[in-house]
Amino acid sequence: MNTAECSNTINNSTINSNDDLDIIGKGDQRYNNYFQNYNSRIHREPVCYIRPTDVHQLTETLQYAQSINKGVSIRSGGHSATVYSVLDDTVNIDLSGFNQIHSFDPVCKTVVAQTGVSWKQFYTFTTAHSLAVPAGGCPSVCGGLSLAGGSNFLAPTFGYTVDSILEMTVLLANGSIVTCNDTVNQDLFWALRGAGHGGYGVVVDIKYQLYDMPPLLYFNTIELDYESSFEENLRRLVDYSKTMDTNIHLSLDVRKLYDRKSATTGGLHDPVLMKITFFYFGPPSEGETHCTALYNTLVNAKVKSLAASDCSKTFLQISLLGPDPDLIRRSYTKSRITHSSNFTTAAIADIKRVFSAFPPTSDHMTKKDPLTNFSFSMYYHGGQMNKYASDFNSYYHRHDDWAFTFIVTYLESANDALFSQWKDNVTSILDDFGPFIYQNYPDNEDPNWEYAYYGANYPRLQEIKLKYDPNNYFNYPQSIRINHNK
Ligand SMILES: Cc1cc2nc3c(=O)[nH]c(=O)nc-3n(C[C@H](O)[C@H](O)[C@H](O)COP(=O)(O)OP(=O)(O)OC[C@H]3O[C@@H](n4cnc5c(N)ncnc54)[C@H](O)[C@@H]3O)c2cc1C
């Protein structure tokens, strides 16, 4: 079937064969603006978009896709760096209509959220009851995060999001809706907590264990000087993390923003910004003590205040501080999850070398792009995130304690080649940090992605895939492959 036939089929079926579903095919005027990929460098053309709002419609959507011999792609928040949530030639299931939070149990401290619920919506609900679960640091990210790890400020204290999942409801390729937990469909439950985006079915909702949130927590940022002390401060930060209190979360953000006013005319750029974000889960007075200890180990550091009275915030306030860009940009992302021992002097020098290898001024760009933003970000992944063995659920990376991402975001397609070179430069040093990739930051160029995401858990994931999706209906370039020889 060619594209034109597809869109005819879809438009006809909207009218003739499926009154219940609003099928937005290529002939529909809403199609082109229906969804902007989070990474607009990657263009995708599904055969249609469908936004089911209940389980009946979701099942019908799957039946509809199968009736026209198409696969599906599944989108919750749509933040996937590789845009695996919207795929060519598929019926795209838009889960933004699955936005209900229900079955809240204040005694057992549990709640069920559909996978289209954003973390902003989720935390607004749970913090009203002084409760939360570790999840994402970006307010508009949704349930896709919970399927592949999930780490934010609370994770060193309570573990990954996947570790707080008690039950999931899933639509399988055969049209059945199944529950999985520790006693029912345990194998599927194991697989979905780490590889839930890997092609087992459409996860409808998730039951989470919640934790008590104190009224105020300690949150601070420390500014550093990139040019004079990047290497020394990165080393000191990693050293501090090796022995720090398990209720501390750290991140490091290094960012080069081209000057918004002058870049269009080829002007000078701002200095590189470098800052540490420090979070403490516990009384703010204790946070002040810990943050002061870190501050005292750093060189050329600046802080507005270390005092608990200036650095106390509610968890909701802190969780809404995460990045939520208002503009959809083009981007390249490269990342690793690694062990602190890999931040050797040589490896840290490599990070600075490749990060600095961007155009020194906007004059070097093929087209001036005032919204270009290079970042190198490190996130602590230790503490209770590593309390379980690597086969406790399918989330494998239990030995590593830091993850980092290099990201360039920009607007002009004319600069793709230039920034692709920068990305290749970055790729050339990644082996310093081992083979592993946190699967919530997928890399569509990594030839060893199976091992990079899932390590030794991959063969078991393949067996479970064969059991629940024997015809490999839910598939895409990095979905779990069926091993027919087993
Ligand atoms: C600005 C930003 C901030 C971020 N911050 C954090 C952070 O603090 N911590 C962290 O751990 N990660 C973070 N991430 C990474 C994030 O976890 C992933 O991008 C995640 O995939 C986003 O979830 P989503 O629902 O928006 O994704 P989507 O793009 O909708 O989905 C991601 C993948 O999951 C699949 N999928 C989605 N929903 C379902 C479903 N219901 N059933 C089956 N498969 C499904 C999709 O098909 C796709 O393959 C961040 C990403 C961005 C862009």
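The exercises below, each with a worked solution, concern a predicted model of a single chain.

**Exercise 1. Overall form**

Determine whether the radius of gyration of the chain agrees or disagrees with that of a compact globule.

*Solution.* Begin with the length of the chain, which is 486 residues. For a compact globule with this number of residues, a radius of gyration near 23 Å would be expected. The chain has 23 Å, and therefore the value agrees with the expectation. Next, consider the extent: the C-alpha trace spans about 70 × 55 × 45 Å along its principal axes. Then turn to burial, where residues under 20% relative accessible area are counted; 57% of the 486 residues are buried. Finally, examine the contacts between residues at least 6 apart in sequence: 72% of these join residues at least 24 apart.

**Exercise 2. The seven-stranded sheet**

State the order of the strands in the open sheet of 7 strands, and identify its edge strands.

*Solution.* The chain has 12 helices and 18 strands. The order within the open sheet of 7 strands is β15-β12-β14-β13-β17-β18-β16, and the pairing is antiparallel. The edge strands, β15 (312–313) and β16 (330–338), each pair on one side only.

**Exercise 3. Strand β18 and its partners**

Describe how β18 pairs with β16 and β17, and explain why β18 is regarded as largely enclosed.

*Solution.* Take first the pairing with β16: this strand and β18 (residues 402–410) are antiparallel and share 9 bridges. Two positions illustrate the register, since Ser 331 lies opposite Thr 409 and Lys 334 lies opposite Phe 406. Take next β17 (residues 373–380), which is joined to β18 by 8 bridges, again in the antiparallel sense. Here Ser 377 has Thr 405 as its bridge partner in β18. Lastly, count the buried residues: 8 of the 9 in β18 are buried, so the strand is largely enclosed by the rest of the structure.

**Exercise 4. The hairpin of β8 and β9**

Establish how β8 and β9 are connected, and which side chains of β9 are buried.

*Solution.* Strands β8 (residues 165–171) and β9 pair in the antiparallel sense over 4 bridges. The two strands form a hairpin with 5 residues between them. Within the turn, Gly 175 has a positive phi of about 90°. Across the pair, Met 168 stands opposite Cys 180 in β9.

The next step rests on a general principle: in a regular strand, side chains alternate between the two faces of the sheet. Strand β9 (residues 177–180) shows such an alternation. Val 178 and Cys 180 point to one face and are buried, whereas Ile 177 and Thr 179 point to the other face and are not buried.

How values were computed
Residues are numbered from 1 along each chain as its sequence is written. This is a predicted model: local features need pLDDT of at least 70, side-chain atom pairs count only at pLDDT 80 or more; totals for chains, interfaces and linings use all residues. Side-chain values use heavy atoms; hydrogens and water are left out. Buried means under 20% relative accessible area, exposed over 50%, partly exposed in between (1.4 Å probe, protein chains only). Two strands pair if DSSP finds at least two bridges between them. The radius of gyration is taken over C-alpha atoms; the globule rule is 2.2 Å times the number of residues to the power 0.38. Contact means heavy atoms within 4.5 Å.
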